[in-house]
Amino acid sequence: METSQKSVTDIRFVCRGTFVHSTAEEALQILEDALLGVDSKGKVFLLIFCISCSEFFMPGMIDTHIHAPQYSYTGTALDMPLLQWLNTYTFPVESRFQDLEFAKKVYTQVVKRTLRNGTTTACYFATIHTDASLLLGQIANDFGQRALVGKVCMDRNDSVKHYKESSEESQEETYRFVKELLNKKYPLVKPVITPRFAPSCTEALLAKLGEMAKNNKLHIQSHISENLEEVEWVKELFPNSESYTDIYHKCNLLTDKTIMAHGCHLSDEELVLFRETGAALSHCPNSNISLCSGVLNVRNVLNHKVKLGLGTDVAGGYSPSILDAVRRALDSSKVLTIQDPEYKTLSFEEVFRLATLGGSQALSLDERTGNFQVGKDFDALRVNVAAPGGPIDLIQNEKPQVISHMRLSSLTCPLAGDDRNIVEVFVAGKKVVPFSEP
Ligand code: GUN
Ligand code: ZN
């Protein structure tokens, strides 16, 4: 049990209930009937046990990879592979986001929808448009979501007229984006350097972005080894690089504040480079299956001790919910076990950790969020695990062993659920769902 001394005036509120979270030692730690105090700065300051109570809390979930503009065409990535889908839907629609009214509408929807689904931290790709990207930062701040926001950079291989920048423009606008976002002093929103992926960027631009990230200690995000056709194309575009990972590494884009989406086709040598540089991967199973990109061998990634979180990859993925990503990650892992019975399927507890603590580590935000450790911000979901007539009602009068089993199902229940099971959402100790609309 952890505590720290607080005077009464420092206390914002105290929650009483069952808290489940992940720690370095335990993928699923259940703190039954506990008291958790949140101080005036929104941080957890006390966690003690008490007696019987029915509320149930879990850490807020972390979406380590989501495209905010793509929310407007969710569901289109079902019958074509990645590169075709990018040319058919993504580039034409993203090019519309220089229109700030349109951007405001879509970005407000995506922030609200993800918050309602329990995403307390989101790592967003915006588009190439600086002002619309700044607007996304403002909207996340206004609704109280913790967010990394990236203005997308791309200076080659456009399939759509005007949806590309010159190298100079991309650098200058990224610099302006970072400076203006930092000037806003939003407490929960940070900029992230965002080369779309190697095929969209010249090596010169990648190198400049790496330099900017290094000089300003910024986060970095991109895509890597998502689809085999893309991997082949990268070999043609960068004939002097040893691997896809090597391209980013040479340009200083692999750091302990880097998150790369997908990585389905990375070699063991490339995973070693991830581990050595401290770079993380975002596992986006819904997208990987929807676009038929590949199935990430999560066990191999974990064995290589590469930091890993979950991502929805809206709109390659068709669900904005990390609960969905949890289920898809379990399904994908089972597919690998079906193919190879030696493959050790991921447990529910391991995937729960990826959705919470793993995501915070992957984004290098684990000093602030990811679990209920004392001193971290209170980013939490109050969940309703006892749907009327559900398993909990039915077994309440059973023997103790059955009741312990009931505890387990009470954990899996919200994860088989959806936003209707998420009653309240807190970020940094502030209740952000239900929304308090102006
Ligand atoms: N690779 C480059 N851009 C994208 C994108 O927008 N979505 C996905 N899934 N992969 C990409
Ligand atoms: Zn993506």
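**Notebook: cavity, ligand and pocket**

I searched the whole structure for closed spaces and found 1 cavity of 30 Å³ or more. I am noting here that this is a predicted model.

**Entry 1: the cavity**

How much space lies in the largest cavity? I noted about 100 Å³ for the largest cavity. I then looked up its lining, which has 13 residues, and wrote down those closest to the centre: His 67, Leu 82, Leu 86, His 223 and Glu 226. Helix α1 gives the largest share of this lining, with 3 residues. Sorting the lining of the largest cavity by kind, I get 5 nonpolar, 5 polar and 3 charged residues.

**Entry 2: who lives there?**

Next I turned to ligand 1. Where does ligand 1 sit? I found ligand 1 in the largest cavity. Around ligand 1 I listed His 67, Gln 70, Leu 82, Trp 85, Leu 86, Arg 196, Phe 197, His 223, Glu 226, His 262 and Asp 313. This shell divides into 4 nonpolar, 4 polar and 3 charged residues. Its largest share, 3 residues, comes from helix α1, which spans residues 82-94.

**Entry 3: polar contacts of the ligand**

Which atoms of ligand 1 lie 2.8 Å from a polar side-chain atom of Arg 196 or Asp 313? For Arg 196 I noted an oxygen atom of ligand 1 at 2.8 Å. For Asp 313 the partner is a nitrogen atom of ligand 1, also with a distance of 2.8 Å. I added Gln 70 to my list: one of its polar side-chain atoms lies 2.9 Å from an oxygen atom of the ligand. I also looked up how much of ligand 1 is covered: on its own it has 280 Å² of accessible area, and the protein covers 100% of that.

**Entry 4: the pocket**

My last stop was the largest pocket, where I noted about 370 Å³ of space. I counted 15 lining residues in the record of this pocket, and the closest to its centre are Leu 302, Val 306, Arg 353, Leu 354 and Gln 361. Which elements give two or more residues to this lining? I wrote down α10 (298-303), β13 (307-310) and α12 (348-362). Of these, α12 gives the largest share of the lining, 6 residues. By kind, the lining of the largest pocket divides into 6 nonpolar, 3 polar and 6 charged residues.

**To keep in mind**

For my own review, I marked two places to find again in the 3D view: ligand 1 in the largest cavity, and α12 in the lining of the largest pocket.

Terms used. Residues numbered from 1 in each chain as written. Chains lettered and ligands numbered in written order. Predicted model: local features only at pLDDT ≥ 70, side-chain atom pairs only at ≥ 80, totals over all residues. Heavy atoms only, no water. Near = heavy atom within 4 Å. Polar contact = N/O pair within 3.5 Å; in protein donor to acceptor, adjacent residues only side chain to side chain. Areas by Shrake-Rupley, 256 points an atom, 1.4 Å probe, with all protein chains shown as cover. 1 Å grid on protein atoms, 1.4 Å probe; cavity = no way out; pocket = protein on both sides within 12 Å on 5 of 7 lines; lining within 4 Å. Sits in = over half its atoms within 2 Å of the grid points. Helix = DSSP H or I, 4+ residues; strand = E, 2+ residues; numbered from the N terminus. Nonpolar A, V, L, I, M, F, W, Y, C, P; charged D, E, K, R; others polar. Points joined across faces, edges and corners; volume = space filled by probe spheres on them.
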